[in-house]
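Colleague: I've got a model open and I'd like to learn how to read it properly. Can you walk me through it, one feature at a time?

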Amino acid sequence: MKKINQMKMVLDSCSVNESFSRVAVSAFASQLDMTIEELGDIKTIVSEAVTNCIVHAYKEKIGKIYITCQVFEEGVLRVSVRDKGCGIPDVKKAREPLYTSVGGDRSGLGFSVMESFSDKLSVRSKVGSGTTVTMEKKISGKKYE
């Protein structure tokens with residue numbers, strides 16, 4: 001795939017930045033002339049990934065969240081959300097529906113939701129080094145020629 005455009009941003013892991021990241025990524029992605037449903041999917045995925053960084057990666061401290069968005073000529077949007085937090089000891093277990101490492105009012109559906117709204121989702125993590133969640137979504141009917 002040939003990359004057409006790219007955007008990167010770094011945010012503090014503050015809860016107020018969850019909504020900002022969702023809006024910033026959707027504004028960048030709007031160049032793909034997507035449907036309202038596709039836009040909603042992307043906003044949801046970004047919200048879930050950034051919330052995971054805030055709640056799980058850095059727990060009781062503030063760290064950095066790194067977001068990269070890329071648009072490819074085939075109408076594919078790739079979004080990566082990365083942290084340098086605590087990492088996930090067992091990614092396979094963490095991706096199981098209803099699993100949560102913090103309990104309380106958390107539903108444990110973050111990865112399931114991200115996976116259901118994307119065409120491709122990968123999660124890479126190393127304990128003590130952080131986690132990268134990368135999603136791809138093909139935008140219907142949009143190609144760069």
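Colleague: Let me start with a single residue: which residues does Asp41 touch, not counting residues up to four places away in sequence?

Modeller: Keep in mind that this is a predicted model. Leaving out residues up to four places away in sequence, Asp41 touches Phe117 and Lys137. Asp41 itself is in helix α2.

Colleague: And is Asp41 buried or exposed?

Modeller: The cut-off for buried is under 20% relative accessible area. Asp41 has 11%, so it counts as buried. Glu136, which lies in strand β5, can be read the same way: its relative accessible area is 15%, so this residue is buried too.

Colleague: What does Glu136 touch, not counting residues up to four places away in sequence?

Modeller: With those sequence neighbours left out, the list is Met1, Val76, Leu77, Arg78, Ser118, Asp119 and Lys120.

Colleague: What about Ser15, buried or exposed?

Modeller: Exposed is over 50%, and Ser15 is at 56% relative accessibility, so it counts as exposed. Ser15 sits in the loop between β1 and α1. Try a distance there as well: Ser15 and Val55 are 40 residues apart in sequence, yet their C-alpha atoms are 8.8 Å apart in space.

Colleague: Let's zoom out. In what order do the elements run from the N terminus on?

Modeller: Read from the N terminus, they go β-α-α-β-β-α-α-β-β, which gives four helices and five strands in the chain. The chain has 145 residues, and 43% of them are buried. For contacts with a separation of 6 or more, 66% come from residues 24 or more positions apart.

Colleague: How do I read a helix, say α1?

Modeller: Begin with its span. α1 has 14 residues and reaches 21 Å from first C-alpha to last, close to the 20 Å expected at 1.5 Å a residue. Then look at which way the side chains face. An α-helix has 3.6 residues a turn, so residues three or four places apart point the same way. In α1 the buried residues are Asn17, Glu18, Ser21, Ala24, Val25, Ser26, Phe28 and Ala29. Their cover includes β1, α2, β2 and β3.

Colleague: How do the axes of α1 and α2 cross?

Modeller: Helix α1 spans residues 16-29 and helix α2 residues 36-57; their axes come within 9 Å and cross at roughly 145 degrees. The crossing is right-handed. On the α1 side, Glu18, Ser21, Arg22, Val25, Ser26 and Ala29 take part, and they meet Leu39, Ile42, Lys43, Val46, Ser47, Val50, Thr51 and Ile54 in α2. By type, the residues of this contact are seven nonpolar, four polar and three charged.

Colleague: Now the core. Why look for one at all?

Modeller: In soluble globular proteins, nonpolar side chains tend to be buried together. Here the largest nonpolar core has 31 residues, and Val25, Ile42, Ile67, Leu77, Val79 and Val81 touch the most other members. The elements giving two or more residues to this core are β1, α1, α2, β2, β3, α4, β4 and β5. Its largest share, seven residues, comes from α2.

Colleague: Which residues does Val25 touch, not counting residues up to four places away in sequence?

Modeller: Apart from such neighbours, Val25 touches Met7, Met9, Ile42, Val46, Ile67, Cys69 and Val79. You've met Val25 already: this residue is buried in α1 and takes part in the contact with α2.

Conventions: Residues numbered from 1 in each chain as written. Predicted model: local features only at pLDDT ≥ 70, side-chain atom pairs only at ≥ 80, totals over all residues. Heavy atoms only, no water. Axes fitted to C-alpha atoms, helices over the stretch in contact; angles between N-to-C directions. Left-handed = near helix turned anticlockwise from the far one by under 90°. Contact = heavy atoms within 4.5 Å. Nonpolar A, V, L, I, M, F, W, Y, C, P; charged D, E, K, R; others polar. Core = buried A, V, L, I, M, F, W, Y, C linked by side-chain atoms within 4.5 Å. Buried < 20%, exposed > 50% of the residue type's maximum accessible area, 1.4 Å probe, protein only. Expected span 1.5 Å × (residues − 1).
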